[in-house]
Amino acid sequence: DVRLKPSGAILSSLIGEFTAPGKSEIVVLRAGGMLELHRIVTDEARTHLKCITRTLTHSILRSCAKVRVDDNKRDVLAVGSDSGAVSVMDFAGGKVKILHCLTFGKTDVPLPPVVLQDAAEVHQASTWPRIPKAVPSCVPR
């Protein structure tokens, strides 16, 4: 019987109010793409952490930050990954829900969503390079 333990290395962590206002919680990003949410629980005898949710993201996580949207009493989590994606996640009800995911290419230019009309465009799009060769200049409008 061989059982492997998940990686214990913590890449980043932060404290916030993610599931309910007034509840202190800690988000932990672990090596291997694991995202964990722990609540700080104070009993009569001791203070300890209780794991609320653990999610395997199937990506290499690099950074995280808490964000509080206007007129909201809870925090949401912004996570950056190695692939160039920035995801905004919500922990409503103790479950992870992705509110928004923006993908950047290797040139830090946002990749536009591709809308394909027919099978010929699908074949043509599959032969296109995924990342542009030249970086277009960004001119404010």
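Student: Where is A31 found?

Tutor: A31 lies in the loop between β2 and β3, where strands are DSSP runs (E, at least two residues; helices are H or I, at least four) numbered from the N terminus. Before we go on: this is a predicted model, so local features need pLDDT of at least 70 and side-chain atom pairs count only at pLDDT 80 or more, while totals for chains, interfaces and linings use all residues. Residues are numbered from 1 along each chain as its sequence is written, and side-chain values use heavy atoms, with hydrogens and water left out.

Student: Why is A31 called partly exposed?

Tutor: Buried means under 20% relative accessible area, exposed means over 50%, and partly exposed is in between (1.4 Å probe, protein chains only). A31 has 27%, so it falls in the middle class.

Student: And what does A31 touch?

Tutor: Leaving out residues up to four places away in sequence, A31 touches S7, A9 and L11; contact means heavy atoms within 4.5 Å.

Student: What makes T19 count as buried?

Tutor: T19 has 14% relative accessibility, so it passes the buried test. T19 sits in the loop between β1 and β2.

Student: How do you know that the side chain of T19 makes a polar contact with the side chain of E25?

Tutor: A polar contact is a pair of N or O atoms within 3.5 Å; within protein, one must be able to donate a hydrogen and the other to accept it, and residues adjacent in sequence count only if both atoms are side-chain atoms. The T19 to E25 pair is at 2.2 Å, and T19 has another such contact, with the side chain of R39, at 2.7 Å. Both values fit the limit, so both are polar contacts.

Student: How many disulfides does a search of the whole structure find?

Tutor: Zero. To be a disulfide, a pair of cysteine sulfur atoms must be within 2.5 Å. As for cysteines, C51 is partly exposed at 33%, whereas C64 is buried at 16%.

Student: Which residues make up the largest nonpolar core?

Tutor: There are 12, including C64, L14, F18, V27 and L37. The name means a set of buried Ala, Val, Leu, Ile, Met, Phe, Trp, Tyr and Cys residues joined through side-chain atoms within 4.5 Å. C64 is a Cys at 16%, so it meets the type and burial parts of that rule.

Student: Why is β6 said to be largely enclosed?

Tutor: Six of the six residues of β6 are buried, so the rest of the structure largely encloses this strand. V76, A78 and G80 point one way, L77, V79 and S81 the other. That fits a broader habit: in a regular strand the side chains alternate between the two faces of the sheet.

Student: What makes β5 and β6 a pair?

Tutor: Two strands pair if DSSP finds at least two bridges between them. β5 and β6 have six, so they pass, and they run antiparallel. Across from L61 stands S81 in β6. β6 also has four bridges to β7 (residues 85-90), again antiparallel, so that pair passes too.

Student: Which strands does the open sheet of four strands have, and in what order?

Tutor: The order is β1-β2-β3-β4, with antiparallel pairing. β1 (10-16) and β4 (47-56) each have a single partner strand, so one side of each lacks a neighbour in the sheet, and they stand at the edges.
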